[in-house]
Every structure is written in structure tokens, then in C-alpha cells.
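Me: Could you walk me through this one? I would like the overall layout to begin with, and then the details.

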Amino acid sequence: NHVLTFHTEQGQFSTRGTMKDLMETLDTSLFAMCNKSYVVNMRHIQMINGDEAVMTNGDRLSISRPRKTAFMQQIADFYGNKRINAGKD
């Protein structure tokens, strides 16, 4: 069990748990893991800039190489169910 911190519009909240358990409770059509430490709500992604997800609050979260293809595909599905190529930048 780790401390999980949630950044919300109402502030930050913490609890104990695992990322695996968290992901099992979330709607994967709305939430995606950009790396092993971050789960993002796709409604709050402002843009993808190289290997970073820029959030609407200005935070920049790194997108790991092993997760980039799946992460980018989840974003494409969220915004219109189109296949994309997340190859080298």
C-alpha cells in the first residue's frame, strides 16, 4: 500500500492503496495511466507536448515510453475512436 494523492478541482486528497486497485475502480474510457505514478482524467488534458501531458491546471506529467502507445490510443478513443501512431517524436 502506498499513499495515493488525488488532485481535484476541490483540492488534494490522500488515501492508502495501490495503483492497480485504483485502476480497477476507474472508468478506463475516462482515466488513463501516462506512467506508473500518474493516472489522469482525460477531460483535463490540455495537450500532449512530446513526452508530456499538459494538464488544464498547467501541470506537466511525463508519459513513459512503455505506456505511450496505449496512453495515446486511449486519448484517441476518448476524442473520437480513431487509431493513431504514437511512434518516435
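Reply: From the N terminus on, the elements of the protein run β-β-α-β-β-β-β-β-α, which amounts to two helices and seven strands. Please keep in mind that this is a predicted model.

Me: How much of the protein is buried, and what share of the contacts join residues at least 24 apart?

Reply: Buried residues account for 28% of the 89 residues. If one takes the contacts between residues at least 6 apart in sequence, 26% of them join residues at least 24 apart.

Me: Which residues make up the largest nonpolar core?

Reply: The largest nonpolar core has 12 residues, namely Ala32, Cys34, Val40, Met42, Ile45, Ala53, Met55, Leu61, Ile63, Phe71, Met72 and Ile75. At least two residues of this core come from each of β3, β6 and α2, and α2 gives the most, with three residues. As a general background, nonpolar side chains tend to be buried together in soluble globular proteins.

Me: What does Leu61 from that core touch?

Reply: Leaving aside its neighbours within four places in sequence, leucine 61 is in contact with Cys34, Tyr38, Val40, Asp51, Glu52, Ala53 and Met55.

Me: OK, on to α2. How long is it, and which of its residues are buried?

Reply: Helix α2 has 14 residues and reaches 20 Å from its first C-alpha to its last, which is close to the 20 Å expected at 1.5 Å a residue. The buried residues in α2 are Lys68, Phe71, Met72, Gln73, Ile75 and Ala76, and the buried residues of this helix pack against β3 (31-35), β4 (38-41), β5 (45-49) and β6 (52-55).

Me: There's a lysine in that list. Why does Lys68 count as buried, and what lies 3.3 Å from its side chain?

Reply: Lysine 68, which lies in helix α2, counts as buried because its relative accessible area is 8%, and the cut-off for buried is under 20%. A polar atom of the lysine 68 side chain lies 3.3 Å from the backbone oxygen of glycine 50.

Me: And where is Gly50?

Reply: Glycine 50 sits in the turn of the hairpin formed by β5 and β6, which has two residues between the strands, and glycine 50 has a positive phi of about 65° there. The two strands run antiparallel and are joined by four bridges, and asparagine 49 has glutamate 52 in β6 as its bridge partner.

Me: Back to α2 for a second: what about Ile75, buried or exposed, and what does it touch?

Reply: Isoleucine 75, placed in helix α2 (residues 65-78), is buried, with a relative accessible area of 12%. Leaving aside its neighbours within four places in sequence, isoleucine 75 is in contact with Met42, Ile45 and Ile48. For one of these, isoleucine 45, the C-alpha atom is separated from that of isoleucine 75 by 9.2 Å, although the two residues are 30 residues apart along the chain.

Me: How do the other strands pair, say β3 with β4 and β6 with β7?

Reply: β3 and β4 pair in the antiparallel sense over four bridges, with phenylalanine 31 opposite asparagine 41 in β4, and a hairpin joins β3 to β4 through two residues. β6 and β7 (residues 60-62) also run antiparallel, joined by three bridges, and here valine 54 stands opposite arginine 60 in β7. The hairpin of β6 and β7 has four residues between the strands, and glycine 58 in that hairpin takes a positive phi near 95°.

Me: How many aromatic pairs are there?

Reply: The structure holds one aromatic pair. Phenylalanine 78 and tyrosine 79 form this pair, which is edge-to-face, at 4.8 Å centre to centre and with 90° between the planes. Phenylalanine 78 counts as partly exposed, at 28% relative accessibility. Just after α2, glycine 80 takes a positive phi of about 145°.

Me: Last topic, the N-terminal end. Is Val3 buried or exposed, and what does it touch?

Reply: Valine 3, which lies in strand β1 (residues 2-8), is exposed, with a relative accessible area of 51%. Not counting residues up to four places away in sequence, valine 3 touches Ser14, Thr15 and Arg16. Valine 3 and methionine 19 are 16 residues apart in sequence and 9.8 Å apart in space, C-alpha to C-alpha.

Methods
Residues numbered from 1 in each chain as written. Predicted model: local features only at pLDDT ≥ 70, side-chain atom pairs only at ≥ 80, totals over all residues. Heavy atoms only, no water. Phe/Tyr/Trp six-rings, centres within 6.5 Å; stacked < 30°, edge-to-face > 60°. Buried < 20%, exposed > 50% of the residue type's maximum accessible area, 1.4 Å probe, protein only. Contact = heavy atoms within 4.5 Å. Polar contact = N/O pair within 3.5 Å; in protein donor to acceptor, adjacent residues only side chain to side chain. Expected span 1.5 Å × (residues − 1). Pairing = 2+ DSSP bridges. Core = buried A, V, L, I, M, F, W, Y, C linked by side-chain atoms within 4.5 Å.
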